[in-house]
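Me: I am new to this structure. Please pick one part, take me through it closely, and then show me what lies around it.

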There are 2 protein chains.
Amino acid sequence: MDDKIYDLADLFKVFSDSTRIRILYLLLGGEKNVSDISDELSMNQSAVSHQLKTLKQSDLVKVRRDGKAMFYSLSDSHVESILKIGMEHILEE
Amino acid sequence: MDDKIYDLADLFKVFSDSTRIRILYLLLGGEKNVSDISDELSMNQSAVSHQLKTLKQSDLVKVRRDGKAMFYSLSDSHVESILKIGMEHILEE
DNA sequence: TGAACATATGAACAGTTGAACATATGAGAA
DNA sequence: TTCTCATATGTTCAACTGTTCATATGTTCA
């Protein structure tokens, strides 16, 4: 059980950065490639790529290759649930 | 909306530390004072108090005074929901 | 094969964070 | 008031994190 505490903290650590949250929100609208994400967030490609790697390692996103491009999408519904409940907490007084 | 992204990241930042998660799990069992928490986590009082302050600022816990002791408890059901969904994600393959 | 494009990776640097220590505040008892 | 007990606060420091820059990998097309 104590292991799980660390895993859980690590999971939330992934949600604790605004860049990653913005990426996740973008992906709520469907899969996108790295250039699209970089453009929409006005961030350089390297920064986005690094963050996508973090998201991937936590199984929050999955990837498929299409030619030269890599398309990222949310890997399961937990992401949406977590964002939603978090937002509910924020919006309450 | 962009403000909310930062607020959301800040909220999850609070969940991103194993000490704070352990405190929250303890409080799932009902309100506890600072000494109880320090003892159960085998941590010094100052460290626990600092983390409780962080939890309080995010409205994740609330406090009441009883004599010399301060009793902390979870402030709403979002905490339990967030921990639960996070744990579901962890336990899945 | 080589050029061009898309993405990933490694290193370095600034900014942030949790724990520990020392000390301060506040409440109850004498 | 003074002495304890319970908790909070301020400071310091080592460890960690996100971004940037430079470069590498991998894919398509000619």
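Reply: Contact means heavy atoms within 4.5 Å. Helices (H or I, at least four residues) and strands (E, at least two) are DSSP runs, numbered from the N terminus. This is a predicted model, in which local features need pLDDT of at least 70 and side-chain atom pairs count only at pLDDT 80 or more, while totals for chains, interfaces and linings use all residues. Residues are numbered from 1 along each chain as its sequence is written, chains are lettered from A and ligands numbered from 1 in the order in which they are written, and side-chain values use heavy atoms, with hydrogens and water left out.

The part to look at is helix α5 of chain B, residues 77-91. Start with its length. The helix has 15 residues, and its end C-alpha atoms are 21 Å apart. That agrees with the expected span, because 1.5 Å a residue should also give 21 Å. (The expected span is 1.5 Å times one less than the number of residues.)

Now look at the start of α5(B). There, a side-chain oxygen of B:Asp76 comes within 2.8 Å of the backbone nitrogen of B:His78. This is a polar contact, a pair of N or O atoms within 3.5 Å; within protein, one must be able to donate a hydrogen and the other to accept it, and residues adjacent in sequence count only if both atoms are side-chain atoms.

Much of the interest lies in what is covered. Buried means under 20% relative accessible area, exposed over 50%, and partly exposed in between (1.4 Å probe, protein chains only). The buried residues of α5(B) include B:His78, B:Val79, B:Ile82 and B:Leu83. Further along, B:Ile85, B:Gly86, B:Met87, B:His89 and B:Ile90 are buried as well. Both chains help to cover them. Chain A brings α1 (2-15) and α5 (77-91). From chain B, the cover includes α1 (2-15), α2 and β3 (69-74).

One residue from the other chain deserves a stop. A:His78 sits in helix α5 of chain A. Its relative accessible area is 7%, so A:His78 counts as buried. A:His78 touches B:Ile85, B:Glu88, B:His89 and B:Glu92, leaving aside residues up to four places away in sequence. With B:His89 there is also a side-chain polar contact of 3.4 Å.

Next, follow the cover to β3(B). Two strands pair if DSSP finds at least two bridges between them. Strand β2 (residues 61-66) of chain B runs antiparallel to β3(B), joined by 6 bridges. In that pair, B:Lys62 stands opposite B:Ser73. The hairpin has 2 residues between the strands, and B:Gly67 takes a positive phi near 65 degrees in it. On β1 (residues 32-33) of chain B, the pairing with β3(B) is also antiparallel, over 2 bridges. B:Lys32 has B:Tyr72 as its bridge partner.

Chain A has an open sheet of 3 strands, in the order β1-β3-β2, with antiparallel pairing. Its β1 (32-33) and β2 stand at the edges with a single partner strand each, so one side of each has no neighbour in the sheet.

B:Tyr72 leads on to the DNA. A polar side-chain atom of B:Tyr72 lies 2.5 Å from a phosphate oxygen of DNA strand D. It is among the closest of the 25 residues around that strand, together with A:Arg20, A:Ser46, A:Gln51 and B:Ser35. (A residue is near a strand if one of its heavy atoms lies within 4 Å of it.) Of the atoms of DNA strand D within 4 Å of the protein, sugar and phosphate make up 64%. A:Gln51 places a polar side-chain atom 2.6 Å from a phosphate oxygen of DNA strand D. The side chain of A:Arg20 has an N or O atom 2.6 Å from a phosphate oxygen of this strand.

Which elements of the protein supply this surface? At least two residues each come from α2 (18-28) and α4 of chain A, and from α3 (34-41), α4 and β3 of chain B. The most come from α4(B), with 5 residues. By class, the surface near DNA strand D has 6 nonpolar, 12 polar and 7 charged residues. (Ala, Val, Leu, Ile, Met, Phe, Trp, Tyr, Cys and Pro count as nonpolar, Asp, Glu, Lys and Arg as charged, and the others, Gly among them, as polar.)

On DNA strand C, the side chain of A:Tyr72 has an N or O atom 2.5 Å from a phosphate oxygen.
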